[in-house]
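I'm opening a fresh page for this one. My plan is to start at a single loop residue and work outwards from there.

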Amino acid sequence: MMYIVIYKGKFGFIKPWTAVRDGETFSQQFLTPSIIEGIEKKLFPELLEHNGVICKILRHKLRYSAIDTQKEVTQTRGITKLPNSNLGTRGTWKKGEIHFTPITRGIMIDPILYLAFQEKADAEIASQQHICLCRNEDVMLPSPEIQELSEEEFEKIKGFELRFGKSEQSFLVGYNRFDNGKPMYGWIEYNGNKLL
């Protein structure tokens with residue numbers, strides 16, 4: 001049996017791992033291993049020293065009612081030297097003007113996150129704390145009731161889950177900031193069915 005804590009929020013943002021220079025970048029529909037590890041470290045700060053490993057969260061499912069696309073303006077990472085000057089700027093210098101890069105990001109509306117734990121005591125600790133998916137402003141609050149489900153019952157919950165690991169169906173999902181930028185792999189399941 002697994003012990004399930006359900007988190008809900010009004011909106012949620014998942015930082016895409018792809019470069020912000022992409023023409024259009026939407027929030028991913030799944031949580032990467034480093035996002036789950038970050039949530040776990042927030043809930044259980046005693047695990048901060050264990051990098052690159054998820055200790056207590058067995059499984060997760062994420063669902064939402066819609067994605068709202070929003071514009072965001074970014075600056076380049078480096079500094080561009082201004083012509084005929086010793087000054088520099090962030091942004092791109094074109095024809096006498098500084099240009100910034102607009103990108104489109106997706107925000108999940110009404111996200112619901114199911115976290116599965118092996119130990120009831122861990123679920124009880126998690127059920128008394130808020131979490132954020134990636135940014136501090138997308139707070140999700142726990143339901144006080146803890147559900148007890150079998151693996152088969154958990155599979156029937158509607159939602160996206162990235163199953164972690166490298167296999168035939170896996171693809172690169174990002175680089176783990178907790179584990180020296182190592183590549184992370186996985187495959188997406190929806191309602192227990194693989195999405196190819």
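**Entry 1: a loop serine.** I began with Ser150, which sits in the loop between β13 and α3 (151–155). A reminder to myself that this is a predicted model. Is Ser150 buried or exposed? Its relative accessible area is 16%, so I put Ser150 down as buried, the cut-off being under 20%. I then looked up what it touches: leaving out residues up to four places away in sequence, Ser150 meets Met1 and Met2.

**Entry 2: the leucine next door.** I moved to Leu149, which belongs to strand β13 (residues 147–149). Leu149 is buried as well, at a relative accessible area of 13%. Which residues does Leu149 contact once its neighbours within four places in sequence are set aside? I found Met1, Met2, Ile4, Phe154 and Ile157. I also checked Leu149 against Tyr3: they are 146 residues apart along the chain, yet their C-alpha atoms are separated by 6.5 Å.

**Entry 3: stepping back.** Time for the overall numbers. I counted 3 helices and 17 strands in the protein. Of its 196 residues, 41% are buried. I looked at contacts between residues at least 6 apart in sequence, and 69% of those join residues at least 24 apart. The accessible surface comes to about 11,300 Å², with 50% of that belonging to carbon and sulfur atoms.

**Entry 4: a covered helix.** Next I went through α1, which spans residues 33–43. How many of its 11 residues are buried? The tally is 10, so I noted the helix as mostly covered. Among the buried ones are Pro33, Ile35, Ile36, Ile39 and Leu43, and the charged Glu37, Glu40 and Lys41 are on the list too. I followed Lys41 a bit further: its charged end sits over the ring of Phe178, 5.4 Å from the ring centre. I found a second case of this kind, with the charged end of Lys166 over the ring of Tyr185, 4.5 Å from its centre.

**Entry 5: strands around β12.** I looked at who pairs with β12 (residues 139–142). Strand β1 (residues 2–8) runs antiparallel to β12, with 2 bridges joining them. In that pairing, Tyr7 stands opposite Pro142. Strand β11 (residues 131–132) is also antiparallel to β12, again through 2 bridges, and Cys132 has Val139 as its bridge partner. The connection from β11 to β12 is a hairpin through 6 residues.

**Entry 6: rings.** I found 4 aromatic pairs. In one of them, Phe30 and Phe171 have ring centres 6.0 Å apart and planes at 80°, so I wrote the pair down as edge-to-face. The two are 141 residues apart: Phe30 is in the loop between β2 (11–12) and α1, and Phe171 is in strand β15 (residues 171–176). Phe30 is buried at 8% relative accessibility, whereas Phe171 is partly exposed at 33%. Another pair is Tyr64 with Phe160, whose centres are 6.3 Å apart and whose planes meet at 15°, so this one is stacked. Here the separation in sequence is 96 residues, from the loop between β3 (57–63) and β4 (66–74) to strand β14 (residues 160–164). Phe160 is buried, with 14% relative accessibility. I also noted that Tyr64, Phe160 and Tyr190 make up one aromatic cluster.

**Entry 7: charges.** Last search of the day: 8 salt bridges in the whole structure. One joins Lys56 and Asp122, at 3.1 Å from N to O. Lys56 is in the loop between α1 and β3 and Asp122 is in helix α2 (residues 120–126), so this pair ties together parts 66 residues apart in sequence. Asp122 is buried at 11% relative accessibility. Arg163 forms another bridge with Glu189, the closest N and O atoms being 3.4 Å apart. That one links strand β14 to strand β16 (residues 182–190), 26 residues apart in sequence. Which of the two partners is buried? Glu189 is, at 7% relative accessible area, while Arg163 is partly exposed at 22%. I also logged Lys182 with Asp179, at 3.8 Å from N to O. Lys182 is partly exposed at 46%, and Asp179 is buried at 19%. Finally, salt bridges with shared partners join Arg59, Glu151, Glu155, Glu161, Arg163 and Glu189 into one network.

Note on methods:
Residues numbered from 1 in each chain as written. Predicted model: local features only at pLDDT ≥ 70, side-chain atom pairs only at ≥ 80, totals over all residues. Heavy atoms only, no water. Buried < 20%, exposed > 50% of the residue type's maximum accessible area, 1.4 Å probe, protein only. Helix = DSSP H or I, 4+ residues; strand = E, 2+ residues; numbered from the N terminus. Contact = heavy atoms within 4.5 Å. Phe/Tyr/Trp six-rings, centres within 6.5 Å; stacked < 30°, edge-to-face > 60°. Lys NZ or Arg CZ within 6 Å of the ring centre and 35° of its normal. Pairing = 2+ DSSP bridges. Areas by Shrake-Rupley, 256 points an atom, 1.4 Å probe, with all protein chains shown as cover. Salt bridge = Lys/Arg side-chain N within 4 Å of Asp/Glu carboxyl O.
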